[in-house]
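Work through the exercises below with the structure open beside you. Try each task before you read its solution.

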Amino acid sequence: VERQNVIAAKAGIQGPPPYVVWRLDPRFRGDDKLLNLIHRGDSLMRGWLTAIAFRAGRKPMPALLSISAFGWLLMLAPSPSGGLPFAICGDAAATALNQPSALLLQWIAMLVAMTPPLLDGPILRLWKSSLARRRAAMIACFVVGYALVWIFAGAALGGAVSALARAFDRWAFVVALALALGWRLAPGQQFAHERAHAAPRLRVFGAAAFADGARYGLRYGLWCICACWPLMLAALLAPIGRGPAMFAAAVLMIAERYLPRADPIYAS
Amino acid sequence: MTTIRKDVWHLGAGWSDPLIWYAKAVHEMRSRPFADPTSWLFLAAMHGFDPDAWTAFGYITKTTPLPAAAVQKTYWSKCQHQSWFFLPWHRGYLWSFETIVRAAIVKLGGPHDWTLPYWNYNNAAIAHANQLPPAFAAATMPDGSHNPLFVKQRYGANRTPIVVPKQMIRPVAQNDDRFTGGEGGAHPGFGGPQTIFHHGGEDDAPNGGLESEPHNNVHSAVGGNLPNADTNDPKNLGLMSDPDQAALDPIFWLHHANIDRLWEVWRNNNPGRHKDPTLSAWLNGPATEVFAVPDAAGKKVEYRPKDMLDTKAPNLGYTYEDVSTPKPTALVATRLSNLGASADVVANAIERPPVQQPAEVVGANDAKVDLSQGVATTSVKLDKPATAKVTQSLAAAVAPAAQQAPDRVFLRLENIRGFNDAALFSVYVGLPPGADPEAHPENLAGNISLFGGTKASRNSGNGLTQVFDISSIVDSLHLSGVLQGADALDVRFVPYRPEQTNPEMSIGAVKIVREPQ
């Protein structure tokens, strides 16, 4: 318990969360483990479906889904350098042959396809928190900040893909997948995920407002990437073609975004 | 059979028979094992459960057998807050409680028609209706035995008797025509914002009108916290102050019976306008689970909001002694009269069906407000074009051929974070500099209670959100010419317990929002 408190204090958490200690209490484990597991899975599934349904019909989600659909179409377009469309290309070596500018365009197309449904919460918040005449500009600032982080992350992920492919050859995808699974269960992932949900203060007037919008985008992007980078690695290395792999990763990320809040594991 | 729930003040002074039977039943139910769904502790845990605090207060020990995890999952920690499920969930919860207490009373040889009394703190015919009913404050029963209705962890404002201040139990929610709302930052309505299953802490949904005042304020005002102790430790809070402990206090149930009654009062005082939601998401919600409570035999009874609409229906079978209020005047009528509109314009405005348009920000402060050290003031800078829209709307609404009601204006407090759920602040808008807030009740925008604050703030949560209707304050500022050309409005936060500090308590942003009608 003492150690938990120290970790909690380091993580900036208010006091020791008492339920963490109690979750370790054998009396809480109940007598029918299988039933508990089914019950938990079932309520988690329904909670998730409802959360998605709840958001799907409300502004701005329909617009974001349309933008996302446009992004998937872009990914099917032939590569400007004459290579295969990004969505079909599935080989890390082939990626390296493409020119950097073409790669950047493909990466941006992928961001347009994958990320809009993840931005529903922040965009609604920016809409609510801004002067009516500044809403569009505030959202633009946020998107620029968010996209910037992802573009830099793209370079880093590209490097990691090459490194993994060199080191593990055909097994690179399996390694990345194991990394993604391990990270999903790690306290750090949950910590990052929760930070991504934080609603920072957004000023309303002057240049400070736009700075807040951009900073919000940077922060949101950064914590998003912290939460999902191994999953992106796995998708980039998947042998099934980048399009289907990215689509599967996008579905997982959206699912994660709308999962009901869980008890923290990072303090235990 | 339909039973009648009665005002605790009409049962007779001090120890009335229904309260004596209630006390005996509490005593009996306290002796039942925790795992028994009809036990006092099990019923309280359905609202919320904090094992640490419960152990510290002696309700359980480290060896108390608990129900199986699946049972806990079905029943416990289900109270719905900051949500349009607040009223229907608590109605089913109260029904379960009353049924179980009545059965216990019958078993003890008491009346078959016992009903849960309600604490009407607004009863105008009683001199001190806002005072904790004396039977709950007495250490002993009339026969000298221990009084089960008394709990030590009930601190109020650290003086006796415990009184709920009148400015915190105003019937303001009764004037709201909408059950739900809040799109674009506007007021969430009488019953609360549209949410999914919402135990608190899921997101930053605002408190509904009735939930905020009187509900939250009564919780914090009665519960209070241990003086001269760390207010951020739940073990130093009064039971009523914390959702995870509140239902352990026998007064909780009389308070909630009154809140449940106030739902009936709202529906009754304007049947044409005051209607429950008709969306399936509410009637059949929340989609993730069916609410479940035990009946007198401890058997599971499931319900959805649609089952909670008629209290006289066989599944509920009760009614309230009094659901009348002095007929509330429609908010728009009061405002238009104050703004100087003719009787015709007022009549037209009342007839016009309400239209809700997207809200927009009119002004905002520029820094976090620190509430840790008592009184705090912040300046909300106003945007000229948006403020001009408000003044134009107020001027146009009183014109002889007016087609639109005046804008509604809200004060929106975002990211209210803190760990003392007992904290209470009165919020004043547009006070003259140096003015004594108590001398200006007309500038009172509303009251913040931190009830549920810990749940919403911990684990990097975004805190609570509170929205007050400040239309009448804005109307006055408009009439006195202050609003036109104003650069900013001052908002002052005045603590109910000024002698206390509340470490880490703050408000992220203070905004003014207009909603065209």
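**Exercise 1. Aromatic pairs**

Task: How many aromatic pairs does a search of the whole structure find, and how is the pair of B:Phe42 and B:Tyr75 classed?

Solution.
- Step 1. This is a predicted model. The search finds 36 aromatic pairs over all chains.
- Step 2. Take B:Phe42 and B:Tyr75. Their centres are 5.4 Å apart, with 70° between the planes. Planes over 60 degrees apart count as edge-to-face, and this pair is edge-to-face.
- Step 3. Place the two residues. B:Phe42 sits in helix α2 (residues 40-47) of chain B, and B:Tyr75 in helix α4 (residues 69-75) of chain B. They are 33 residues apart, so the pair links distant parts of the chain.
- Step 4. Check burial. Buried means under 20% relative accessible area. B:Phe42 has 0%, so B:Phe42 is buried. B:Tyr75 has 7%, so B:Tyr75 is buried too.

**Exercise 2. A second pair**

Task: Which class fits the pair of B:Phe179 and B:Trp263, stacked, tilted or edge-to-face?

Solution.
- Step 1. The ring centres lie 6.3 Å apart and the planes meet at 50°.
- Step 2. Stacked needs under 30 degrees, and edge-to-face needs over 60. The angle of 50° fits neither, so the pair is tilted.
- Step 3. B:Phe179 is in the loop between α6 (134-137) and α7 (209-223) of chain B. B:Trp263 is in helix α8 (residues 251-269) of chain B. The two are 84 residues apart, and this pair also links distant parts of the chain.
- Step 4. B:Phe179 and B:Trp263 are both buried.

**Exercise 3. Clusters and charges**

Task: Which residues do ring pairs link into a cluster, and which rings have a lysine over the face?

Solution.
- Step 1. The cluster holds B:Tyr22, B:Trp40, B:Trp89, B:Tyr93, B:Phe97, B:Trp114, B:Phe136, B:Phe252 and B:Trp253.
- Step 2. B:Lys24 lies over the face of B:Trp21, 4.5 Å from the ring centre.
- Step 3. B:Lys381 lies over the face of A:Phe205, 4.4 Å from the ring centre. Here the lysine belongs to chain B and the ring to chain A.

**Exercise 4. A cavity and its lining**

Task: What is the volume of the largest cavity, and is B:Thr387 in its lining buried or exposed?

Solution.
- Step 1. There are five cavities of 30 Å³ or more. The largest has a volume of about 50 Å³.
- Step 2. Its lining is B:Val362, B:Leu382, B:Thr387, B:Val390, B:Val409, B:Val474, B:Leu483, B:Leu489 and B:Ile512.
- Step 3. B:Thr387 lies in helix α12 (residues 384-397) of chain B. Its relative accessible area is 7%, so B:Thr387 is buried.
- Step 4. Leave out residues up to four places away in sequence. B:Thr387 then touches B:Val362, B:Leu382 and B:Leu483. These three are also named in the cavity lining.

**Exercise 5. A pocket**

Task: Which residues lie nearest the centre of the second largest pocket?

Solution.
- Step 1. About 670 Å³ of space lies in this pocket.
- Step 2. It is lined by 31 residues, and those nearest its centre are B:Arg170, B:Val172, B:Asn175, B:Leu331 and B:Asp469.
- Step 3. Elements giving two or more residues to the lining are α7, α10 (331-339), β10 (444-449), β11 (464-469) and α14 (471-479) of chain B.
- Step 4. Now look at B:Leu479 in helix α14 of chain B. B:Leu479 and B:Leu394 are 85 residues apart in sequence, yet 9.4 Å apart in space, C-alpha to C-alpha.

**Exercise 6. Helices of chain A**

Task: How many helices and strands are in chain A, and what span should helix α8 (residues 135-168) have?

Solution.
- Step 1. Chain A has twelve helices and zero strands. Of its 268 residues, 45% count as buried.
- Step 2. Helix α8 of chain A has 34 residues, so at 1.5 Å a residue it should span 50 Å. Its end C-alpha atoms are 48 Å apart, which agrees.
- Step 3. Just after α8(A), A:Asp169 takes a positive phi of about 55°.
- Step 4. Repeat for helix α6 (residues 100-114) of chain A. Its 15 residues reach 21 Å, close to the 21 Å expected.
- Step 5. The buried residues of α6(A) include A:Trp107, A:Met110 and A:Met114. Their cover includes α4 (61-76), α8, α11 (206-237) and α12 (242-257) of chain A.

Methods:
Residues numbered from 1 in each chain as written. Chains lettered and ligands numbered in written order. Predicted model: local features only at pLDDT ≥ 70, side-chain atom pairs only at ≥ 80, totals over all residues. Heavy atoms only, no water. Phe/Tyr/Trp six-rings, centres within 6.5 Å; stacked < 30°, edge-to-face > 60°. Helix = DSSP H or I, 4+ residues; strand = E, 2+ residues; numbered from the N terminus. Buried < 20%, exposed > 50% of the residue type's maximum accessible area, 1.4 Å probe, protein only. Lys NZ or Arg CZ within 6 Å of the ring centre and 35° of its normal. Contact = heavy atoms within 4.5 Å. Expected span 1.5 Å × (residues − 1). 1 Å grid on protein atoms, 1.4 Å probe; cavity = no way out; pocket = protein on both sides within 12 Å on 5 of 7 lines; lining within 4 Å. Points joined across faces, edges and corners; volume = space filled by probe spheres on them.
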